[in-house]
Amino acid sequence: MAGRVEGKVAFITGAARGQGRSHAVRLAEEGADIIAVDILENIPTAAYPMATKEDMDETVRLVESTGRRILPIKADVRDRGQMNDAAAAGMAQFGHIDVLVANAGILSFEREDFAAFTEVFGVDFLGVVNAVDAVAPHIPDGASLIITASTAAMLEGTTDRMGPGGMGYTSAKRAVARYAHDIARLFTARRIRVNVVHPFNTNTTLIQNDLMYKTFRPDLENPTAEDAIPAFAATSPMGVPWVEPLDISNAVLFLASDESRYVTGMQLRVDTGQMLATMTAGVAG
Ligand SMILES: NC(=O)c1ccc[n+]([C@@H]2O[C@H](COP(=O)([O-])OP(=O)(O)OC[C@H]3O[C@@H](n4cnc5c(N)ncnc54)[C@H](O)[C@@H]3O)[C@@H](O)[C@H]2O)c1
């Protein structure tokens, strides 16, 4: 039986681990070949390490184990030249790019140095714009552009409370949400869709790190993941501390497939009802 994205080629940023890896594997399981981009180097103001060459090797192994092809590329989404080269290399290898998943992103916990705002914004907003610009000359009619934002784009009092680094995150996520809405209109005549996925806390390094545990449990000196679980879960009306990368990948798969061929300009939350609860509270209050 043909897969849900059989024969498509997906260009995925931040694909060496976490959600990006999960998207690569899920799309490959459903018949797509993958162009996997990742920086594979640390970024100073990110409070946790970026993916490694070994992480990318594991993504390659997992995709190839589905029987599909993958082209791993070391590139920084902030660098337009590197992104254009990555798209050109993908075209040379596969001959077409049908899906973009602009997923690479960082969170910073920097509370003093305002330069952190610029660094996070550079990855989380300009990195998305660069990815769209890089694939835009190549994508055919009917292509799908998918952008990863965050529920932080829609809520007050989340990462925006965390100093310049966290504020850079919130601002970038709000900006990509609006950017996608705006550029979606440019593509409708060609039936190219542009949609945003907004994940809730997701079980990846971005939240599974000591600084995040401390953010959720400031009352403890050295909180562990287990200590932080109740505080994470308190932000979810469904009472879950986090969702799994696969929960986001299944939304991405729908948007990448022709099942969503008339869906564009959408802001798709995978948030366990977090936003709904906020809106309800707002109405009640
Ligand atoms: N984990 C969460 O709770 C959560 C919630 C909402 C949104 N998000 C968003 O989901 C996306 C994926 O994050 P994740 O949860 O998988 O975290 P992650 O840190 O595991 O993965 C991010 C990946 O992006 C790569 N990357 C970072 N900067 C890059 C750059 N400049 N160029 C190329 N690659 C780069 C990293 O090396 C890493 O492999 C991000 O945009 C993040 O903001 C995450």
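This is a short tour of a predicted model, going from the whole chain to single helices and residues.

**Whole chain**

Start with everything selected and shown as a cartoon. The protein chain has 9 helices and 7 strands. Turn the view around: along its principal axes, the C-alpha trace spans about 55 × 40 × 35 Å. What radius of gyration would a compact globule of 285 residues have? The expected value is near 19 Å, and the protein chain has 18 Å, which agrees.

Now switch on the surface. The accessible surface of the protein chain comes to about 12300 Å², and carbon and sulfur atoms hold 55% of that area. Of the 285 residues, 54% are buried. Among contacts with a separation of 6 or more, 75% are between residues 24 or more positions apart.

Next, color the charged residues. The protein chain has 25 positive and 35 negative charges. The mean positions of these two groups lie 6 Å apart.

**Helix α1**

Select residues 18-29, which form helix α1. From the first C-alpha to the last, this 12-residue helix reaches 17 Å, close to the 16 Å expected at 1.5 Å a residue. Is helix α1 largely enclosed or open? Because 10 of its 12 residues are buried, α1 is largely enclosed by the rest of the structure. To see these residues, pick Gln19, Gly20, Arg21, Ser22, His23, Ala24, Val25, Arg26, Leu27 and Ala28. The list includes two arginines, Arg21 and Arg26.

Then move just past the end of α1 to Gly31. Gly31 has a positive phi of about 105 degrees.

**Ala88 in helix α3**

Select residues 80-94, helix α3, and find Ala88 within it. Is Ala88 buried, partly exposed or exposed? The relative accessibility of Ala88 is 40%, and buried means under 20% while exposed means over 50%. Ala88 therefore counts as partly exposed.

Keep Ala88 selected and add Leu100, which is 12 residues away in sequence. Draw a distance from C-alpha to C-alpha: the two are 14 Å apart in space.

**Helix α7**

The last stop is helix α7, residues 225-233. Which residues of α7 are buried? They are Ala228, Ala231, Phe232 and Ala233. An α-helix has 3.6 residues a turn, so residues three or four places apart point the same way. Show residues 210-216 as well: this is helix α6, and it is part of what covers the buried residues of α7.

Definitions and conventions: Residues numbered from 1 in each chain as written. Predicted model: local features only at pLDDT ≥ 70, side-chain atom pairs only at ≥ 80, totals over all residues. Heavy atoms only, no water. Helix = DSSP H or I, 4+ residues; strand = E, 2+ residues; numbered from the N terminus. Buried < 20%, exposed > 50% of the residue type's maximum accessible area, 1.4 Å probe, protein only. Expected span 1.5 Å × (residues − 1). Rg over C-alpha atoms; globule rule 2.2 N^0.38 Å. Contact = heavy atoms within 4.5 Å. Areas by Shrake-Rupley, 256 points an atom, 1.4 Å probe, with all protein chains shown as cover. Lys, Arg positive; Asp, Glu negative; His and termini not counted. Charge placed at Lys NZ, Arg CZ, Asp CG, Glu CD.
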